[in-house]
Structure formats: structure tokens, C-alpha cells
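Got your viewer open? Load the model, and let's take a walk through it one selection at a time.

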Amino acid sequence: MSVNLSSILFLITGILFILALRGLSSPETSRMGNFFGISGMLLAIVVSILSVDIFFTNLIYFLIALSIGGIIGGIIAFKISMTAMPQLVAGFHSLVGLAAVLVAVSAYYSPESFGLGNFQAIKTASIVEMGIGVSIGAITFTGSIIAFLKLQGLMSGSPITFPGQHYLNALLGTLIIFLIGYLISNQSTQIFWILIMASLAIGFLIIIPIGGADMPVVISMLNSYSGWAAAGIGFTLENTALIITGALVGSSGAILSYIMCKGMNRSFLNVILGGFGTDSSSSNTKEKTEQKPVKSGNAEDAAFLMKNASSVIIVPGYGMAVAQAQHVLREMVDRLKKNDVKVSYAIHPVAGRMPGHMNVLLAEANVPYDEVFELDDINNDFINTDVAYVVGANDVTNPVAKTDPKSPIFGMPILDVEKCKSILFVKRGMSPGYAGVDNELFYRDNTLMLFADAKKMTEDIVKYLD
Amino acid sequence: MEIDPFILRLCIFILSIFIGYFVVWNVTPSLHTPLMSVTNAISSVIIVGAIIASFSSFNGSSISVSNILGFIATTLAAINIFGGFLVTQRMLQMYKKKEKKKDK
């Protein structure tokens, strides 16, 4: 196949991918979008197969690789639970990163296959692009592995920090930039591998100090990196499909990171440079709060309140995901609807461990998506609502974000749960949320604390609703 | 004077970033998780590079390091392609509108 023809076809691949993302602007068009994405991928694969001359003699090896990958990928896709989506996506990012590294290394050792020159005599532009691609790929790889381990609970979700961490990162970052520049004059194997090692190390170091609830930012950031890595490889291999796709994915991840940061009112740098202000302040507030009176209730009280309400808003958070309470929550809502209670769901942008996490879980439990609202769309409704049922969320409802400029969460957009006539808080204990800030809603007169596991409590409420 | 092909690629790259920017801002927040899984799947178009790496200058008798790395990269990308698109499909199928008929 001629280079010109394959370039045009790769451009079409890019367009199909753009349509795939375009489809996601509404749930109705999204399935069509996914179909465009699959066609684009198929086209890209066929074109690259046809552009390798002696391909057909080796078709069998390609089919082996494809079927191994297909079987593993297929099994994962069907077995994975929706609660585990964040770690799945993190794991997949690491594969993209590793694949980028492998392709770059392979191009480094046999540049003639890609028309980039000869071993250790690669064109200047290509070696720089290769250096950038391999570096971002390596950072994505180790960074995503750490994110995966933290999300899967194989590694502590709390921030890991040590003295001099930022200096070490800065040093490694400078070293990486220097090495990429140095590759222009010296393409030796040692330099290339030191570059890879330094990038692997920095990917690891960047993610370990970031704590659990900041994961939505991390995972979006790694999403973005995996795109830039693909684009870097695209420049190296002079491939349009990779460049377009890399740019799309890169900007998509960047936008998601921005939305997530805004949802927490924190700068991107602030998230990257480490977790929320740690223990000293939070232990103080804990002592103070233990003396304040709290009203706690049981499932029967909660059922009574909700049954007699005319409208209820449900505020789910990560705790709902952990307890797998989405299905029983939907049952509860069904009962309430039978009693002519108007029910809607309110989702904070950073609820859960990845962008849109709560929406997927509710969709899994067959909650129609037109009953689920984003913060801006529902925040004015709380004032006219009788009961807010907060299940597994905490910081995102804390009014202190509006009132106390000293609080670490000051300025964070919150769901105005406080404006409801009564608030039901399902929580396992009185501990503060991730940010270590005490939630003053717990002590309000119109708040009823329901101390229990989210799933257990909701199940009990369902019994009393019958 | 001819334009360096690199500059042309840079143009494609920059324009694609803009397209990505506008398209992604239009994605409804409730579909952000499928957005991540589908971007993840399409970034596996890196399989294009992996295919060239594993099969160019491969003649069956002498297998180079590049061929082996390319083969592994092809497999990894394939996991991502199948896993990514299938899981996205699975998620999208769960998003349903309110159906009044079924309630009765």
C-alpha cells in the first residue's frame, strides 16, 4: 500500500475517533460513537498490516498476539465489576504506557524498519521525539501501576511522603530533559536506558504521595499522559493516526483533570505536590467535636421521614461504592416512588474515585440517567426538598467550605444539603472525611445520623418501607 | 522552499488538540467514566507501531529484539483494544432513560 493512501486512511481513523468522542455528548448517541471507535481501530489495524510488505508470511504470529490479547481483554471486560472501574482504567493506562515504551525501544534498536535511519544514527528529530515518547510512556506505566495498586487496595491509599521528595523529583525531571537533549549528540544505549529508568522512577515518585480521594485527578492525569505518550510515538513513527489520537486523548484527560481540580477547588500543582494538610489540625477538631450532641436514629425513623416526605434527594459518594449499596438504593427509591415521593440523585463532580464513577454505578443499578443530576443542575432544588439522604458522601456536603476561609476545603463547590428540611446521614462512625475536616452538618438539629454500613442501613429502611 | 514534514505533523497535532478540547467539553459529565475507557481504548492505536515493529524485517529465521518487543506490545495493545471497547459498550448499555410503560 502506498504511503499516501495509508496516510489518508489513517486520517479517516482519526476522524472516526473524533466521532467516537462526539457520540458521548449524550447517552443516546454514545453507542453509535463506540461503534465508530471500533471501526476506526479496525481500519488502523488493517492499514498497518497491509503496509508491512512481508506481512502475510507472518500472519499467524499476529493472530496469536491478537487472540491472546483479545481473550484476556474480553474476559476482563465482562468480569469486571462496575465498582472496580477506576482500577481497571488505571491498569489499562499502564498497558498503553508500557506498549509505548516497547515500541520506542524497538524503534531505537531497528530504526530501519520504521525508516528513521540506522542504529545509533537515527535522524535528530526522530531521536528527540523518541526520547519524549519513551519518557512519557514510562512515566505513564509506573504511575498507573501505583494508581492501580492504591485503588485496588494492594497498597495503602494514604499519601506516602519523605523528606526531600520534591527535590528528588525536580532533580529527576531535570535529568530527563537533559538526557533527551543529550541523545541528539550521543545515541548510545546507556543514555537511552538511563532515560527510561529515570522516567520509570519519576512516574512512581509522582503518584505515591497522592492520597485516595485525589485519585480522580490522578487517573485523569494519567489518561492524559497516555495520550501524550501515543502522540510522541506518533511523531517518532511519522504516523498521523497516532498523532491525532494522542492529541485527542491527551486533551481529554487534561480537561477531566481540570474539571476534577475545580470540583475540589485545588490547583493541579497542589494535588500533585501531595495530600491534604495532614493530621495535626484534624486531631484537634476531633477532640472538640466529641462533646457536641449528635442526634442518631435508626432505619425505622429514616423510613418514616422519607415515606412522609414529598421530595427526597439522594447524595451518593464513595462510601456507596465501597458498600456496593447502589442496587438496594434503587430498591428503596422504587418503594418511595410508589408512595408518591419525588426522588432524584445529586452527584458531586469528585464523588467516587474517578470522573463519572457514581453515574456508572447508578446506571448499573438501572437508575434512569434522567433522574441523576449534576451539582449545578440540582443545587437550587435542595431548598425545596424535604429529605436529603446522604449515603457515603461527606466532604462534598460540608458547609464549612463556604463559611470558614481557614478550612482546607474552603471554596470547594458543595451540594447544598444543609438547605433541606431534614438530612439523613448514613455513616459508619463520626470520623471526618478524607480532607480531615469535621462536618458541622452532623450536629445540626435537622440532621439524623444513621450509624451503619450504607448497604445494611438501606436494606433495613427498605424493610420498614413495606 | 518546501515545508518540513515535521511542521505539517505539528499542525495536525495542534489542530487535533483543539478538536479534542471542544469535543470533550461537550461530553456529558455522566458519561465521563465511559469517556475515560474509550479514550483508553483508542490510545491503543499504538498497535500500529507495534505491528510495524514486530513484522518489518522479520523473516522467520532471525528474530531480532525489536520483533519480540513488537510482539509483546501488540499483545498488550490488543488487551487494551478489546478490553477498552467491550467494557465501554457494557457500560453504555446500562444507561437507560426512564421507561414509563415498564413501571405499570
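We'll begin with the whole chain and then move strand by strand through part of a sheet.

**Stop 1: all of chain A.** Keep in mind that this is a predicted model. Show chain A as a cartoon, and you'll be looking at 19 helices and 8 strands. Turn on a bounding box along the principal axes: the C-alpha atoms fill roughly 75 × 50 × 35 Å. Is that what a compact globule would give? The radius of gyration of chain A is 25 Å, and since a compact globule of 466 residues would come out near 23 Å, the two agree.

Now switch to contacts. Counting those between residues at least 6 apart in sequence, 76% link residues at least 24 apart.

**Stop 2: the surface.** Display the surface of chain A, which exposes about 18300 Å². Colour by element if you like: carbon and sulfur atoms account for 62% of that area. Underneath, 59% of the 466 residues count as buried. For the charges, pick out 28 positive and 33 negative side chains; the centres of the two sets sit 3 Å apart.

**Stop 3: residues 387-391.** Hide the surface and select β6(A), where 5 of the 5 residues are buried. Show sticks to see how the side chains divide: A:Val387, A:Tyr389 and A:Val391 point one way, A:Ala388 and A:Val390 point the other way, and every one of these is buried.

**Stop 4: the neighbours of β6(A).** Add residues 311-316, which make up β3(A); this strand pairs with β6(A) in the parallel sense over 5 bridges. Then add β7(A), residues 422-427, which also runs parallel to β6(A), joined by 5 bridges.

Which residues are the partners of A:Tyr389? Centre on A:Tyr389 and look towards β3(A), where A:Ile314 is its bridge partner. Turn to β7(A), and A:Leu424 stands opposite A:Tyr389.

**Stop 5: on to residues 447-451.** Select β8(A), a mostly covered strand with 4 of its 5 residues buried. β8(A) pairs with β7(A), again in the parallel sense and over 5 bridges. To find one of the bridges, label A:Lys427 and its partner A:Phe451 in β8(A).

**Last view.** Keep the four strands on screen and step across: β3(A) pairs with β6(A), β6(A) with β7(A), and β7(A) with β8(A).

Methods:
Residues are numbered from 1 along each chain as its sequence is written. Chains are lettered from A and ligands numbered from 1 in the order in which they are written. This is a predicted model: local features need pLDDT of at least 70, side-chain atom pairs count only at pLDDT 80 or more; totals for chains, interfaces and linings use all residues. Side-chain values use heavy atoms; hydrogens and water are left out. Buried means under 20% relative accessible area, exposed over 50%, partly exposed in between (1.4 Å probe, protein chains only). Helices (H or I, at least four residues) and strands (E, at least two) are DSSP runs, numbered from the N terminus. Two strands pair if DSSP finds at least two bridges between them. The radius of gyration is taken over C-alpha atoms; the globule rule is 2.2 Å times the number of residues to the power 0.38. Contact means heavy atoms within 4.5 Å. Accessible areas come from the Shrake-Rupley method with a 1.4 Å probe; for residues, only the protein chains shown count as cover. Lys and Arg count as positive and Asp and Glu as negative; His and the chain ends are not counted. The place of a charge is taken as NZ of Lys, CZ of Arg, CG of Asp or CD of Glu.
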